[in-house]
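Here are my notes on the model you sent over. Have a look at the structure first, then the points below.

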Amino acid sequence: LCDHYPDIFALFQDSVISAEVGMMKPGQDIYTYILKTHNLSPETCLFIDDQQENIASAQELGIKSILYTNARSLKKQLASLH
């Protein structure tokens with residue numbers, strides 16, 4: 001993905017690739033890993049994914065989450081968050 005979409009990844013300060021860290025969604029270990037390694041609290045994070053089981057796993061840790069269904073819906077939900 002990084003090679004095919006470098007412009008998208010350039011928008012982010014950092015990224016975590018599950019294959020590189022040996023953890024996968026919906027396992028909570030990957031979310032915990034990201035929170036700890038980036039010194040984040042769940043309340044300050046927003047997780048967007050297209051799989052309900054991944055959303056549920058993140059929400060169990062207190063991470064605000066949006067289920068992606070389409071760009072229009074995502075844009076509306078992001079706008080409602082200010």
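1. Going along the sequence of this predicted model, the order of elements is α-α-α-β-α-β-α. That gives the chain 5 helices and 2 strands.

2. On overall dimensions, the C-alpha trace covers about 35 × 30 × 20 Å along its principal axes. The chain has 82 residues, and 20% of them are buried.

3. You'll probably want to look at the largest pocket, whose volume comes to about 1400 Å³. Helix α1, helix α3 (28-37) and strand β1 (46-49) are the elements that each contribute two or more residues to its lining.

4. Which residues sit nearest the centre of that pocket? They are Phe 12, Ser 15, Val 16, Ile 34 and Phe 47, out of 29 lining residues. Sorted by class, the lining breaks down into 19 nonpolar, 6 polar and 4 charged residues.

5. There's also a nonpolar patch on the surface, made up of Leu 1, Tyr 5, Ile 8, Leu 11 and Phe 12. Together these residues offer about 620 Å² of accessible area. Note that Phe 12 turns up twice: it belongs to this patch, and Phe 12 is also one of the residues nearest the centre of the largest pocket.

6. Is Leu 1, from that patch, buried or exposed? Leu 1 is exposed, because its relative accessibility is 70% and the cut-off for exposed is over 50%. In the chain, Leu 1 belongs to the segment that precedes α1 (6-9).

Definitions and conventions
Residues are numbered from 1 along each chain as its sequence is written. This is a predicted model: local features need pLDDT of at least 70, side-chain atom pairs count only at pLDDT 80 or more; totals for chains, interfaces and linings use all residues. Side-chain values use heavy atoms; hydrogens and water are left out. Patches are made of residues with over 30% relative accessible area and no salt bridge: like charges are joined within 9 Å, nonpolar side chains (Val, Leu, Ile, Met, Phe, Trp, Tyr) within 5 Å. Accessible areas come from the Shrake-Rupley method with a 1.4 Å probe; for residues, only the protein chains shown count as cover. A salt bridge is a side-chain nitrogen of Lys or Arg within 4 Å of a carboxyl oxygen of Asp or Glu. Helices (H or I, at least four residues) and strands (E, at least two) are DSSP runs, numbered from the N terminus. Buried means under 20% relative accessible area, exposed over 50%, partly exposed in between (1.4 Å probe, protein chains only). On a 1 Å grid over the protein atoms alone, a cavity is a set of points where a 1.4 Å probe fits but cannot get out, and a pocket is an open set with protein on both sides within 12 Å along at least five of seven lines; lining residues have an atom within 4 Å of a point. Grid points are joined across faces, edges and corners, and a volume is the space filled by probe spheres set on the points. Ala, Val, Leu, Ile, Met, Phe, Trp, Tyr, Cys and Pro count as nonpolar, Asp, Glu, Lys and Arg as charged, and the others, Gly among them, as polar.
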